[in-house]
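Colleague: Please take a close look at the nonpolar interior of this protein. I would like to know which residues hold the centre of it and where they come from.

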Amino acid sequence: MQAVTFNEFRGPISLSDVPEPECPVDGAVIEVRATGLCRSDWHGWQGHDADIKDLPHVPGHEFAGVVAEVGVKVRHWKVGERVTMPFVAGCGQCVECAAGHPQVCDDQFQPGFTGWGSFAARVAVRYADFNLIRLPEELDFETAASLGCRMATSYRAVTAQGALRPGEWVAVHGCGGVGLAAVAIAAALGGRPIAVDIRDEPLKLAQALGAQQIVNTSEIDDVPAVIRELTGRGADLSLDALGSRVTATNSILSLRKRGRHVQVGLLAGDQANPPLPMGPVIANELEIVGSHGLAAREYPALLDLVVTGRLAAAKLVTRTLTLSEAPAALETLNDFGEVGVAVINKL
């Protein structure tokens with residue numbers, strides 16, 4: 001079958017013929033109908049993710065498709081069903097999964113990282129009974145694919161980790177796919193989003209998704225001061241949706257007293273382990289939490305928001321491309337030229 005592959009980190013990315021995936025006994029093979037192009041795939045290609053241990057490798061971790069084969073131990077799924085799954089698939093057996101937190105599973109499967117991913121005609125996944133999610137008939141594959149990482153991650157970041165309450169100010173630093181999703185989710189749930197970015201194009205899309213205020217930081221020296229001015233005392237909840245020293249620091253300093261910061265964007269490479277302003281964290285009793293994925297059992301609430309039209313997830317999909325166009329698109333993801341979410345739907 002055809003798949004996007006790379007043979008070395010930071011090396012050439014190409015469309016290649018690779019063997020058909022073998023179906024795990026506890027998993028399934030999914031015929032991919034759409035798969036999102038995410039900056040996390042770029043991080044994987046760069047070698048920033050220790051879960052990628054064997055090369056060559058096929059990236060791709062947010063997808064939707066149709067069950068093509070099921071393993072002998074799978075009981076709840078059959079060929080032909082329309083599905084998606086979280087990019088973090090919990091094993092269902094470990095301490096974390098038993099406690100209801102499979103997004104931090106001790107033995108998690110991640111397509112595109114711990115195994116070959118969805119930039120291919122078909123992808124093999126593990127732990128099917130615990131992780132596959134049935135798609136509503138009203139939901140197209142392109143929109144469903146966009147939920148798999150960015151929308152799902154933002155949903156957990158805003159609701160569970162950020163504990164958003166209606167009427168609260170939510171500052172979102174970085175309006176890539178994750179940030180725009182966070183803006184849309186916060187607006188859908190009654191929050192008052194402030195979209196923060198250095199580019200006008202994503203800020204315009206953020207307004208269409210429900211941002212009450214936008215802040216272009218390209219000519220602003222003190223971003224937290226601007227957010228404090230807009231809100232009166234600071235954001236109730238702030239998210240670093242990009243992942244950098246600057247955005248993480250600005251997010252924390254944008255908060256009101258006893259506000260909550262959620263780190264969503266990956267801090268990798270030379271941005272890992274940044275110095276953070278812990279003085280204000282202590283003095284103002286700020287909360288700092290991380291957010292990593294969304295458990296399959298929490299998807300119904302997210303899907304309901306989308307299907308009922310309260311969350312305009314389809315607006316985030318701004319470009320579709322073919323599998324042959326994916327290598328070039330993946331290589332340029334760190335240029336931040338993409339606005340919204342690009343989805344591969346011709347495989």
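Modeller: What follows goes through the nonpolar cores and then the aromatic rings. The model is a predicted one. Its largest nonpolar core has 51 residues, and the members that touch the most others in it are Met151, Leu239 and Leu311. Several helices and strands each supply at least two residues of this core, among them helices H4 (141-161), H5 (177-188), H6 (200-208) and H10 (299-307). The strands that do so include E4 (63-70), E8 (169-173), E11 (235-240) and E15 (341-346). Helix H4 gives the most, with 9 residues.

Met151 can be followed contact by contact. Leaving aside residues up to four places away in sequence, Met151 touches Ser146, Ala181, Ile185, Leu302, Leu311, Ala313 and Leu316. One of these, Leu311, is itself among the three residues with the most contacts to other core members. Apart from this core lies another, of 21 residues, which includes Val4, Val18, Ala120 and Leu333.

Now the rings. The structure holds 1 aromatic pair. Its partners are Phe6 and Phe9, with centres 6.2 Å apart and planes at 50°. That pair counts as tilted, because the angle is neither under 30 degrees nor over 60. The two partners differ in exposure: Phe6 is buried, at a relative accessible area of 0%, whereas Phe9 is partly exposed, at 29%. Elsewhere, the ring of Phe141 has the charged end of Arg82 over it, 4.5 Å from the ring centre.

Note on methods
Residues numbered from 1 in each chain as written. Predicted model: local features only at pLDDT ≥ 70, side-chain atom pairs only at ≥ 80, totals over all residues. Heavy atoms only, no water. Phe/Tyr/Trp six-rings, centres within 6.5 Å; stacked < 30°, edge-to-face > 60°. Buried < 20%, exposed > 50% of the residue type's maximum accessible area, 1.4 Å probe, protein only. Lys NZ or Arg CZ within 6 Å of the ring centre and 35° of its normal. Core = buried A, V, L, I, M, F, W, Y, C linked by side-chain atoms within 4.5 Å. Helix = DSSP H or I, 4+ residues; strand = E, 2+ residues; numbered from the N terminus. Contact = heavy atoms within 4.5 Å.
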